[in-house]
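Colleague: I would like to go through this chain and ask how each label was earned. Please set the values against the rules as we go.

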Amino acid sequence: PFSSDSTLELRMRNLTRLLLASSLVSIAAAAQAAEPATPVEPLVVTAPLDQAVQVDKTGAVLADIPRSIDVVSKSLLDSQGATRLTDAVRDVSGVAQGGQFAFGFFDRVIIRGLNASYLNDGLPDGTSDLTGYTRSLIGVERIEVLKGPGSALYGSAEPGGAINLVHARPGDRPDLSASEQYGSFNTSTTTLSVGGPTGVKDVDWRFDGGYQRSDGYRNQASKTTDLLGSVSFRPANHDVEARAEYHHLENTPDSTGIPFSPPNGVGNPLPVSTELTYYTPYAEAKQDITRLFLSDAWRVSDLLTVNVRGGFAHRNVDLTRNAGGSVTLTGGLYALTKRQLREQSDSFDDTNVQIEPNWRFSIAGMRNLLLTGVEVRRIEGVTTRATADLPNIGNVFAPVTSTLPLPDALPTSARLKEGDKVEANYKGRGKYYP
């Protein structure tokens, strides 16, 4: 056994060794800290703060904008494999897919729980939420999401905010890309993009095309064709772009979705199989959209830049879908009652012009930016609708829908209103926003 003196001596030796080791570690750490640090590339997970966005209309960079704006870049769209607008914004905070009157097939996005407005390169896109459509990402360079009211920028707009699809502009270098994508529900997407200089000074061109088909979730089949051609002209102090678009969409509307237990408004989704459908077998929606777009950024001086945007859109809608319908507990079975069949044909013309003088100046050494503008918009629409009653579905857990040819499927007592026609003209002018 060790004596107390030997034990004390051993402890002192161990302490000396520990202090020496700590000193060596400190010296090594100091020497390493003296070496120049290796630069690390920043990881950009969102749009850089020095990027200018279109949705704010001022041309300011994100760092100087006192608004909540998110940007979904092209690289992020590609990494997501997104092909439609709803695919791209699902990961944006405060944005969700939902709302009413979507008929189960067109875009319905809410921001912070409120309805959102849709923009196409800064111009309103869509004459009515009741005749919406699914927006593809063919030719789209980025998506800008403005959260919160924007009436000062867009006049009468939805309170949730605005979603702006910014399309790629023609470039002065030859470019060619093509892709084929396959996904769930037998969905295939084919895209083509080509462009470059025309050989004429300051004039470039671009073409984007895409075709998508899908069997769809719950048999909501769809087909979409998108064609976009654009030309840019950049003389001194101007940046002009002209674009023509054609979109053909075929969708299967499902206004019922998964039925809820009664009473209406407070019931819960019934535990039915997602393979069951309750929409009419005649459900069909076809849309043809033609759009012309023209813009110019005219740099008058260091003080003033005038942004001019104009567009014309023509849309034809042919829609057959279910209307009404409620779940009722009858004889111990949940039945879908008050069903109707609705045929709808719409034709809309939408003309819009925006002129925005953008002023930049300094007062007492402080930079200032003043946005002024005027917008003139004219919408003309004609709609024809017919409605008829449909038989009830006696058991939502074993639904049976008619397979008779239309209109033989309609009972003789149906309230059919053929030829009812509603015409409406909407005119707006002089929308000023500071």
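Modeller: What follows is a set of questions and answers about a predicted model.

Colleague: What does the chain contain in terms of helices and strands, and how much of it is buried?

Modeller: There are four helices and 18 strands. Of the 434 residues in the chain, 39% are buried. Taking contacts between residues at least 6 apart in sequence, 66% join residues at least 24 apart.

Colleague: Why is Val140 called buried?

Modeller: The relative accessible area of Val140 is 2%. Buried means under 20%, so Val140 is counted as buried. Val140 belongs to strand β6.

Colleague: Which residues does Val140 contact, leaving aside neighbours within four places in sequence?

Modeller: Val140 is in contact with Lys74, Leu77, Leu165, Val166, His167 and Ala168. As for Leu85, the C-alpha atoms of Val140 and Leu85 are 9.8 Å apart in space, with their positions 55 residues apart in sequence.

Colleague: Asp208 carries a charged name, so to speak. What makes Asp208 buried or exposed?

Modeller: Asp208 has a relative accessible area of 6%. That value is under 20%, and therefore Asp208 counts as buried. Asp208 is in strand β10, residues 203-214. Beyond residues up to four places away, Asp208 touches Ile138, Gly139, Leu192, Ser193, Asp226, Leu227 and Leu228. One of these, Asp226, is 18 residues away in sequence and 7.9 Å away from C-alpha to C-alpha.

Colleague: Why is Arg234 placed in the class between buried and exposed?

Modeller: Arg234 has a relative accessible area of 29%. Buried stops at 20% and exposed starts over 50%, so Arg234 is partly exposed. Arg234 lies in the loop between β11 and β12. Among the residues Arg234 touches are Arg169, Pro170, Asp202, Asp204 and Asp239. The C-alpha atoms of Arg234 and Val203 are separated by 6.7 Å, although the two residues are 31 apart along the chain.

Colleague: What is notable about phi in Asn237, and is Asn237 buried, exposed or partly exposed?

Modeller: Phi of Asn237 is near 70°, which is a positive value in a residue other than glycine. Asn237 is in the loop between β11 (222-233) and β12 (240-251). The relative accessible area is 48%, which is not over 50%, so Asn237 is partly exposed.

Colleague: How do you know that Ala364 falls in another class?

Modeller: Ala364 has 84% relative accessibility. The cut-off for exposed is over 50%, so Ala364 is exposed. Ala364 is in the loop between β15 and β16 (366-371), and phi of Ala364 is near 55°, again positive in a residue other than glycine.

Colleague: What makes a set of residues a nonpolar core, and how many residues are in the largest one?

Modeller: The residues must be buried, of nonpolar type, and joined through side-chain atoms within 4.5 Å. The largest set that passes has 18 residues, and Val89, Ile143, Val145 and Ile163 have the most contacts inside it. At least two residues of this core come from each of α3 (85-88), β3 (109-111), β4 (114-120), β6 (140-147) and β7 (161-167). β6 supplies the largest share, three residues. A second, separate core has 13 residues, including Ala60, Ile69, Val71 and Leu146.

Colleague: Which residues does Val145 contact beyond four places in sequence?

Modeller: Val145 is in contact with Ser68, Ile69, Asp70, Val89, Val92, Val95, Ile111, Ala162 and Ile163.

Colleague: How do you know that Arg135 sits over a ring?

Modeller: The charge must be within 6 Å of the ring centre and within 35 degrees of the ring normal. Arg135 lies over the face of Tyr118 at 3.9 Å from the ring centre. The charged end of Arg135 also sits over the ring of Tyr133, 4.5 Å from its centre. Both distances are within 6 Å, so the distance part of the rule is met for each ring.

Colleague: How many cavities are there, and what lines the largest?

Modeller: There are four cavities of 30 Å³ or more. The largest holds about 200 Å³ of space. Of its 19 lining residues, Pro124, Asp125, Arg291, Ala313 and Asp350 are the closest to its centre. β14 gives the most to this lining, with six residues.

Terms used: Residues numbered from 1 in each chain as written. Predicted model: local features only at pLDDT ≥ 70, side-chain atom pairs only at ≥ 80, totals over all residues. Heavy atoms only, no water. Buried < 20%, exposed > 50% of the residue type's maximum accessible area, 1.4 Å probe, protein only. Contact = heavy atoms within 4.5 Å. 1 Å grid on protein atoms, 1.4 Å probe; cavity = no way out; pocket = protein on both sides within 12 Å on 5 of 7 lines; lining within 4 Å. Points joined across faces, edges and corners; volume = space filled by probe spheres on them.
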